[in-house]
Amino acid sequence: MSDNFTADLAIGEILDYEIDYEDAMALSDPDDTIVDSTWSTAICGTGTDLTFTNDIFDATKVWITLSGAALQNRIHKVKNTMTTIGGRVYVRTITVTIVPK
């Protein structure tokens, strides 16, 4: 599984993003499950205009809704840190580029 993903978010959009950890969960015996998921962002530049909502997860996937993008060409590094019932910690990053409508 790749540790990094890329995505676009147009100015004014409200979109959901998903990270599927199912393959990673299946590597343990018995299969592991997600017990916690946290999100953070780092911006390439100054300020922030990205809003996180609907931070949810199930046994193998995590989701986040992103909105509030107002500045075109701004790049955000949105990081998910996920912990499993077996004590494993996985970190994945989505590079989100703000594009015109």
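Strands in this account are DSSP runs of E of at least two residues, and they are numbered from the N terminus. With that convention, Asn54 is found in strand β4, a residue to which the discussion returns below. The model is a predicted one, and every value quoted for it is computed from the predicted coordinates.

The overall plan can be set out first. The secondary structure of the chain comes to 1 helix and 7 strands, and along the sequence these elements follow the pattern β-β-α-β-β-β-β-β. Taken along the principal axes, the C-alpha atoms fill a box of roughly 45 × 20 × 20 Å. Of the 101 residues, 35% count as buried, while the accessible surface of the chain comes to about 5,600 Å², of which 52% belongs to carbon and sulfur atoms. Among the contacts in the chain with a separation of 6 or more, residues 24 or more positions apart account for 64%.

One part of this plan is an open sheet of 3 strands, arranged in the order β2-β5-β4 with antiparallel pairing. Strands β2 (15-20) and β4 (51-57) stand at its edges with a single partner strand each, so one side of each is left without a neighbour in the sheet. From one strand to the next, the twist averages 20 degrees. The antiparallel strands β4 and β5 are joined by 5 bridges, and within this pairing Thr51 has Ser67 in β5 as its bridge partner.

Thr65, in strand β5 (residues 61-67), offers a convenient point from which to look at the surroundings of this sheet. Is Thr65 buried or exposed? Its relative accessible area is 5%, and Thr65 is therefore buried, the cut-off being under 20%. The side chain of Thr65 is joined to that of Asp16 by a polar contact of 2.4 Å, and it makes another polar contact, of 3.4 Å, with the side chain of Asn54. When residues up to four places away in sequence are set aside, Thr65 touches Ile14, Leu15, Asp16, Thr51, Phe52, Thr53 and Asn54.

Asn54 itself, the partner of Thr65 in the 3.4 Å contact, counts as exposed at 52% relative accessibility. Its phi is near 50 degrees, which is a positive value in a residue other than glycine. Asn73 also has a positive phi, of about 70 degrees, although it is not a glycine; this residue has its place in the loop between β5 and β6, and with a relative accessible area of 55% it is exposed.

The next region to follow is the one around β7. Strand β1 (residues 4-10) pairs with β7 in the parallel sense over 7 bridges, and in this pairing Leu9 stands opposite Ile98 in β7. Strands β6 and β7, by contrast, run antiparallel and are joined by 9 bridges, with Thr83 standing opposite Val89 in β7. These two strands form a hairpin with 4 residues between them, and in the turn Gly87 has a positive phi of about 90 degrees.

The loop of this hairpin also takes part in a charged pairing. Side chains of opposite charge can pair when their charged atoms come close. Here the side chains of Arg88 and Asp32 meet in a salt bridge, with an N to O distance of 2.8 Å. Arg88 lies in the loop between β6 (75-84) and β7 (89-99), and Asp32 in the loop between α1 (22-25) and β3 (34-44), so the pair ties together parts that are 56 residues apart in sequence. How many salt bridges are there in the count? The count comes to 1 salt bridge.

The two partners differ in how far they are covered: Arg88 counts as partly exposed at 36% relative accessibility, whereas Asp32 is buried, with a relative accessible area of 5%. Leaving out residues up to four places away in sequence, Asp32 touches Met25, Ala59, Thr84, Ile85, Gly86 and Arg88. The contacts of Asp32 thus include Arg88, its salt-bridge partner, and the 2.8 Å approach of the two side chains also appears as a polar contact.

Definitions and conventions. Residues numbered from 1 in each chain as written. Predicted model: local features only at pLDDT ≥ 70, side-chain atom pairs only at ≥ 80, totals over all residues. Heavy atoms only, no water. Salt bridge = Lys/Arg side-chain N within 4 Å of Asp/Glu carboxyl O. Buried < 20%, exposed > 50% of the residue type's maximum accessible area, 1.4 Å probe, protein only. Pairing = 2+ DSSP bridges. Polar contact = N/O pair within 3.5 Å; in protein donor to acceptor, adjacent residues only side chain to side chain. Contact = heavy atoms within 4.5 Å. Axes fitted to C-alpha atoms, helices over the stretch in contact; angles between N-to-C directions. Areas by Shrake-Rupley, 256 points an atom, 1.4 Å probe, with all protein chains shown as cover.
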